[in-house]
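User: Pick one part of this model and take me through it closely, then step outward so I can see where it sits. Keep it relaxed, but stick to what the coordinates support.

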Amino acid sequence: MKSEKVVERTEINYKEQLERDVLAAMAKPNRWYWVALGFSATCFLIGLISWGYQIKIGMGTAGLNNPVGWGVYITDFVFWVGIAHSGTLISAVLFLFRAKFRSSFNRTAEAMTVIAVMTAGLFPLIHLGRVWFFYWLFPYPNQRLLWVNFRSPLIWDVFAVSTYLTVSAVFFYVGMIPDLAIVRRLTTGIRKKIYGILSLGWQGSLSEWMHYNRLYLFLAAFATPLVISVHSVVSWDFAMSVIPGWHTTIFAPYFVAGAIFSGTAMVVTLVIPMRKIFSLEKYITLDHFESLAKLLLLTSLIVTYSYIVELGIAFYSGNVFETAIFKYRMMGDYKILYWIMISCNSLIPLLVFFRKVRRSLPSLLIISLLANVGMWFERFILIVTSLAKDFDPYAWGLYKPSIIEAGITLGSFGMFFTFFLIFTKVLPVLSMTELKEEHE
Amino acid sequence: MKRRDFLKLMGLASSSTVLSACGVDKKAEKLIPYLVPPEDDTIPGVPVYYNTTCTECPANCGISVKVREELPVKLEGLSGHPINDGSLCIRGQASLTRLYHPDRIRSPLRRNTQGQFKPISWSDAYDQMMQTLGQGGQHLYLAGRTTGTLSELIDGFCDERNIERLPEFESYSYAAIKEANRLLFNQSVIPHYRIEDADFMLTLGADILETFVSPVSHATQLARAKKLGQFLWYHAEPHVSLTGLQATERLVIQPGSETHLLRFLLRYLLEHVDYARRLPDAVARAIPNVSGEEVSAQTGIPSEELNQLARQFAEAEKPLLIAGGISTGHTSGLEVAALAGLIQWMMRMTDIVVDFSRAENDANVGTMLDMGELSQRLQEGNVGVLFISRANPMPNVPASYGFKENLRKARLRVGLSDFLDDTMQACDIVLPLSHTLESWGDTQSRKGLRTVIQPALEPIFDTRTEGDILLQLMQRRTGNTGVQTFREYLFTRWREKYGEDSIESLLHKGYFEDSPSGEFVRLSGTAAAELLTTASDPVDFGKPLLIAIPSLRTFDGRSRVLPLLSEIPDPLTTISYGDWVSVSEQDLRSNQWQDLDEIELTIPGGSIRLPVKTQPGLPGGISTIHWDMLKPLMLQVDPRTGESICYMDGVQMVSRGVSVPIPYLSGSSSQEGRGIIPDMERGDEDHDRGGPGMYPEHEHTDYRWAMVIDLESCIGCSACVAACYIENNVAVVGPEEHLKGREMSWIRMEPYYEEDGSAEFLPMMCQHCYNAPCEPVCPVYATYHNPEGLNAQVYNRCVGTRYCANNCPYKVRRFNWFKHERPGPSDEIQMANPDVSIRGKGIMEKCTFCIQRIRAARDTAKDESRKIQDGEVVPACAQSCPTQAITFGNIEDKRSRVYQLAHSFRAYRVFEHLGMEPGVYYLGKSEARSQKSEVDRGHQEDSN
């Protein structure tokens, strides 16, 4: 009897502690938070100014040229879409598979997804020559009877990305409703009112939970194929072309694996410092990180396999154009970037095979950061080298990013972290209800 | 808000969005209908054509000026003209930009005491000149090559004012050829070479397709000769030239050893040709008998090739030999020219193909020796007024003459020019000359041919023609000379010569040609024998050797001022902006240089620093530099002829360890085994067109436009590129953008070198594919396949994703990275073809097959209730092509030329295996070449 009471007491303690800890993370920010936010916002501002300048002067402010019509902007786009991937994967797929370790960082991952898709979605606009006509990419009825070209993978992108953003945002929000109700309960004044509105009058009744669980399951099931489809569609931007090095059927699975790889790496990169700063060690444990590290390793191996297949097919094909482009990647003007990519994406992640490494947070942080770097370069190599040396040798040319492109890329990181930092302060960073459930 | 109001507001908002959405930049212009139509019957939108003469170089091709709304918009070769027959070269096309150049001199200028030019009025300028003319000293008149009525007027002016008219100044004076012809035939002229009447041609050093005498004439004739049937062309040169690369067989000859080759040929032909004239004994004795092996060793030409050349020369029915250019630009140049002249006479070429009765009319043109003499006279300080008209001797006279320093010693230097070039900078008074398109005049570039210069617009600036200036100066002295303007003077002369009635037809036709006199030259045996016995020995140049060569793009530097000619790359190196030295691959490797490394070139007489660029095919130890890039001009002059010696041995080349960023546009000088110009031997042509597509087939009811480009005819002269730039308002973006790879050319000349040093040139433009890869990827249908088979680009619809350009295997799409500046003379006057919109920033553009010309033809056809006929639509590139290599037409029509050519056995398409079914067909190497390669293969097998 007594022991039962103790258990109940600890149970209540755990729940209260959890709520207190999460709410503490949402409390008045300290100085370091403001420094971090200020830094991110400055970067974001630099990006906005660079973009404004580019719109005023012209796309020539970027380093793009005739053979290389796409460069850093499309690299950034694919990179951020890739980052956006793991959110849904960790949340929805692992939810469907009932993987327990998910609940420690599914909120972070989902937030990351929404913010990353928002960031990614800007890049197709940034790279437009006449961005002021971006709405022509949408099929809206108009008197001129103009319609979009549904054969163009760019239109598929518009739909894929906007669908993904909508579903991710809904999934993120729906999963948060019970937590928002907790926040409502524990706050006062204007905040209580706002969280009251946001929690949509959640009472926690049995019927609500029943509907909620059905909806969440449905959304998870709906979001899962999107993980595959969005990045497949993004990969078709390249695969549907005729350019050697782009025109390959392996691109869809290769991109999806790459996206999950980079997304998982980004989750690790974000969660390690967040766990430290908000003192959430109790809820996000080493075991959780180990599971993530294994996922990282698996996707790294798939990516490596894709690299090998790509090379193998190119050389086996006997096609002079294919062979030349892959030789060029390895030994041409951008070879340093290629080997950085191979090191970061294929070689260094192999260290995760060692238990010591995957249970050490510093080494995981470094590996995940390198994986992000490697994946950025992968997209860069893939986009730029194929364009720089395609069919007609006369038209070959090199591409060097400009300061404006660097500024806008910096701005995209600034935007991502600004929004992420705001997220950590205004929304519960852990899924309290799920953690409670898991604890039981 | 009521529903009606809402709809109204929405309508207003959306229509204003649509109105403001026009992406094509245009100035806000008011459209006011003519209440009172202009007197000269200008109808908006209807072009008027004037026939006149191009004066960009001394060849004086006939041009037809297209004038729209009182402004010239395009120059085209004058069809049927005896010189160029409808074609025009790169410089001639660019000549239009000279008219609109913002840096033209806009009014008379006088140098003030601080040495700066200040505008003055014409009468002030005249007064000052009259004043100095009244004072003592010998007054001199130096002009560039002048022919026709203006030359008569200058004579009159000089007689009246007691001015000495100096021999005219031309950098390329052809002094050795003229001197040789004077000695042999007593005619100090350059004959007219009738290539079209020959079946065999040997050219020694002469860049007949670039600058030599009359390049467009040579190119058009060459094309005709090739079309007539078997035409063999050997070209011997020590370096690599655009002309040489076009020859059936290019022989690499030891520099300066042409005399050996000619002596051998002369002996051989004398023995083997029945119809050869007997040489006078004295002459025959003066020519040493040499064996083939000796000559082969001396000239570096393998003896099989030498024998083959001699045999084919002897077998030819109507052979032609042209020696000139750099083969006469050394100390035994006179012997080369004289031996060539002897062979021409002996082989009876002087009766037909080497036509002295239509010789070039440059008897007044002096040599570098005359410039030396002028410099000497200036130094003596006895020169009063020195007029320098249409000539820029300062950078083109050897620095050793001290012309620059001595020029200061004239009491008054009066310059007549359109630009403040180096020589004008040194003048006291500069009088601005009108552009040819603003002038009246005539030329007689060759005997029996008078071409008309008539204005197409009023002078843009306060400029006058040279004739008017001279007449006004004469009037100032006498009060009245009886004529008011040069136009009246000109018409009086024409009336005297051709009668009152013929003037109208003269103006309409643009030229008048006499029937030739039919006189044949006679060989002066004694003079020939004397020349040959006292002949100087063939030169044996040491290496490294630097050769100064003429420039296709700038001639002798006179066209350098036109930015378009720097925007279009040199077809051999693909360098666009900047100066350079071409070196051999061997030298680059052995010196461990990289392309564009800066080299200090030390020549006896001075040194210059320039970047190097590899020229495939150049023999080791030989470097070439364009004449106008050799500044100061460190050339010697042959004292016998006055010809510049363009060979400089004893050159030291030291790398300075820095790289000079000058743009070259080609990503690779080789085809990289991609079969872009398929080689029948190599069999690298891939005709596999893939499977059927996913999309429904296009329907072409009336027309499907297609183009055929004959690579056998194409000479890489880039005239098409210049024509396209001007016709389509393509932006000139400058060196910075070229370095970033952002040139805007719609058509480009791609040179592809083989390992043996030969090269092929391929004009590349939008291929207007049937299954165009650019079309499905455009998200907004800005590019689509139109019902006439064109791959159309809708500028207004384009949002600038650049996906189409990425997906184009030919990389012919051009993106507007900025709003491009279009500098012109004023805000009101801009050079632009009003039929083609000027593209704003953020828009993709590319070759349209000159859709504006298709439209114009369709309008005409519709007015006459018929379909467009074959040959009615001629795109700008095809129009300008001197060899008629480009054919355009409706491939749906089985009787059209384009259909027939596209179905010939030589037709292929680039990257055919991609299954895109391009609308541009190329005609590969001809039968003659493939036969030749079979002969080569036979040789190889033998030697194996």
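**A strand pair and its surroundings**

Analyst: Let's begin with a single pair of residues: B:Met749 has B:Pro763, in β31(B), as its bridge partner. Keep in mind throughout that this is a predicted model.

That bridge belongs to a longer pairing. Strand β30 of chain B and strand β31 of chain B (residues 759-764) run antiparallel to each other, joined by 6 bridges. Together β30(B) and β31(B) make a hairpin, with 5 residues between the two strands. If you look into the turn, check B:Gly757, which has a positive phi of about 95°.

Now for the surroundings of β30(B), which covers residues 748-753. Is this strand enclosed or open? It is largely enclosed by the rest of the structure, because 6 of its 6 residues are buried. As background, side chains in a regular strand alternate between the two faces of the sheet. Here, both faces of β30(B) turn out to be covered. One side carries B:Arg748, B:Glu750 and B:Tyr752, the other has B:Met749, B:Pro751 and B:Tyr753, and all of them are buried. So our starting residue, B:Met749, is buried along with its strand mates, because 6 of the 6 residues of β30(B) are.

For a helical counterpart in chain B, try α5(B), residues 175-185. This helix is mostly covered, with 10 of its 11 residues buried. Among the buried ones are B:Ala175, B:Ile177, B:Leu183, B:Leu184 and B:Phe185, and the list also includes B:Lys178 and B:Glu179. Part of the cover comes from α12 (333-346) and α19 (525-533) of chain B. Right after α5(B) comes B:Asn186, with a positive phi near 60°.

Zooming out, chain B contains 29 helices and 38 strands. Its radius of gyration is 29 Å, close to the 30 Å that the globule rule gives for 944 residues, so chain B is as compact as a globular protein of that length. The C-alpha trace of chain B spans about 105 × 85 × 65 Å along its principal axes. Of the 944 residues in chain B, 55% are buried. Counting contacts in chain B with a separation of 6 or more, 73% are between residues 24 or more positions apart.

The domain assignment splits chain B into domain 1 (48-99), domain 2 (109-165 + 363-513), domain 3 (175-355), domain 4 (545-659) and domain 5 (705-770 + 846-929). Domains 1 and 3 of chain B have C-alpha centres 32 Å apart. Their contact involves 8 residues of domain 1 of chain B and 5 residues of domain 3 of chain B. On the domain 1 side, that makes 5 nonpolar, 2 polar and 1 charged.

Finally, the partner chain. Chain A has 15 helices and 0 strands. The radius of gyration of chain A is 23 Å, close to the 22 Å from the globule rule for 440 residues, so chain A too is as compact as a globular protein of that length. Buried residues account for 48% of the 440 residues in chain A.

Where the chains meet, 38 residues of chain A and 45 residues of chain B take part in the contact. On the chain A side, α5 (153-186) and α10 (320-331) each supply at least two residues. The most comes from α5(A), with 3 residues. By type, the chain A side divides into 22 nonpolar, 11 polar and 5 charged.

Technical notes. Residues numbered from 1 in each chain as written. Chains lettered and ligands numbered in written order. Predicted model: local features only at pLDDT ≥ 70, side-chain atom pairs only at ≥ 80, totals over all residues. Buried ≥ 20, exposed ≤ 12 C-beta atoms within 10 Å, placed from the backbone. Helix = DSSP H or I, 4+ residues; strand = E, 2+ residues; numbered from the N terminus. Pairing = 2+ DSSP bridges. Rg over C-alpha atoms; globule rule 2.2 N^0.38 Å. Contact = placed C-beta atoms within 7 Å. Domains from an automatic or database assignment. Nonpolar A, V, L, I, M, F, W, Y, C, P; charged D, E, K, R; others polar.
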